[in-house]
Amino acid sequence: MIDMSWVVWEEVVLDAATSKVKKGWLDLFAKHPTRFTIGSDQVGQFINPAGGNLLKPEIVKYWALADSLPPETVKAILYGNAQRIWFEDWEMPTTEMPRFRQIEPCMRAETLHHNEGAFMWDDKEMY
């Protein structure tokens, strides 16, 4: 299984001159559609402090696959494989399950502010 994210997509899969998926990769995706997933590398930071969506630009870049591959292959790579591997037959935890309980956050969470280049907490710089 190959998780295409971060520099793998931009530096290996895409042709730098055209920003299109290289033919060799398209052939590989078509031949082995169940062996690839996509990733964002956002590490849980999906919304910046100003409310901007950090995840969207990291995901929509993969839509280029839809321009060159059959729909069933695109579906497998964009979400079907991840669903099958990580969530098929998975019972979603709930607070009613004795093993799981929801607790209040006990530590400050750092968010690297996308435009400021600084770690922020409650609109104050942390470091």
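1. Start with the surface. Met-1, Ile-85, Trp-86, Phe-87, Trp-90 and Met-92 come together there as a nonpolar patch, and their accessible area adds up to about 670 Å². Met-1 sits in the segment before β1 (2–4). Its relative accessibility is 54%, so Met-1 counts as exposed.

2. A word on how far to trust what you're looking at: this is a predicted model. The mean pLDDT of the protein is 80, with 75% of the residues reaching 70 or more. Confidence peaks in helix α2 (residues 23–31), where the mean is 96, and bottoms out in strand β3 (residues 111–112), at 52. Keep that in mind when you get to the points on α2 below.

3. For the overall layout, count four helices and five strands. Going from the N terminus, the order is β-α-α-β-α-α-β-β-β. Of the 127 residues in the protein, 24% are buried.

4. Which residues of α2 are buried, and which are exposed on the other side? The buried ones are Trp-25, Leu-26 and Phe-29. They span an arc of only 100 degrees around the axis, so they end up on the same side of α2. Over on the other side of α2, you'll find Lys-23, Gly-24 and Lys-31 exposed.

5. Now the aromatics. The structure has five aromatic pairs. One of them joins Trp-25 and Phe-29, in a tilted arrangement with 5.7 Å centre to centre and 45 degrees between the planes. Both residues belong to helix α2 and are four residues apart, about one turn of the helix. Trp-25 has 18% relative accessibility, so it counts as buried, and Phe-29 is buried with a relative accessible area of 0%.

6. Phe-29 has another partner. With Phe-36 it makes an edge-to-face pair, 4.8 Å centre to centre and with 85 degrees between the planes. Phe-29 and Phe-36 are both buried. Put the pieces together and Trp-25, Phe-29 and Phe-36 make up one aromatic cluster.

7. On to charges: there are three salt bridges in the structure. What does the bridge between Glu-10 and Lys-61 tie together? Glu-10 lies in helix α1 (residues 7–13), while Lys-61 is in the loop between α3 (56–60) and α4 (71–87), so the pair links parts that are 51 residues apart in sequence. The closest N and O atoms of Glu-10 and Lys-61 are 2.7 Å apart. Glu-10 is partly exposed, at 38% relative accessible area, whereas Lys-61 is buried, at 19%.

8. Lys-61 also meets Glu-58 in a salt bridge, at 3.0 Å from N to O. Glu-58 is partly exposed, its relative accessible area being 23%. Through shared partners, the salt bridges join Glu-10, Glu-58 and Lys-61 into one network.

9. Last, back to α2 for the bridge between Asp-27 and Lys-23, whose closest N and O atoms are 3.0 Å apart. The two are four residues apart in helix α2, so about one helical turn separates them. Asp-27 is partly exposed, with a relative accessible area of 40%, and Lys-23, at 58% relative accessibility, counts as exposed.

Notes
Residues are numbered from 1 along each chain as its sequence is written. This is a predicted model: local features need pLDDT of at least 70, side-chain atom pairs count only at pLDDT 80 or more; totals for chains, interfaces and linings use all residues. Side-chain values use heavy atoms; hydrogens and water are left out. pLDDT is the predictor's confidence in each residue, from 0 to 100. Rings of Phe, Tyr and Trp (its six-membered ring) pair if their centres lie within 6.5 Å; planes under 30 degrees apart count as stacked, over 60 as edge-to-face and the rest as tilted. Buried means under 20% relative accessible area, exposed over 50%, partly exposed in between (1.4 Å probe, protein chains only). Patches are made of residues with over 30% relative accessible area and no salt bridge: like charges are joined within 9 Å, nonpolar side chains (Val, Leu, Ile, Met, Phe, Trp, Tyr) within 5 Å. Accessible areas come from the Shrake-Rupley method with a 1.4 Å probe; for residues, only the protein chains shown count as cover. A salt bridge is a side-chain nitrogen of Lys or Arg within 4 Å of a carboxyl oxygen of Asp or Glu. The arc is that of the directions from the helix axis to the C-beta atoms.
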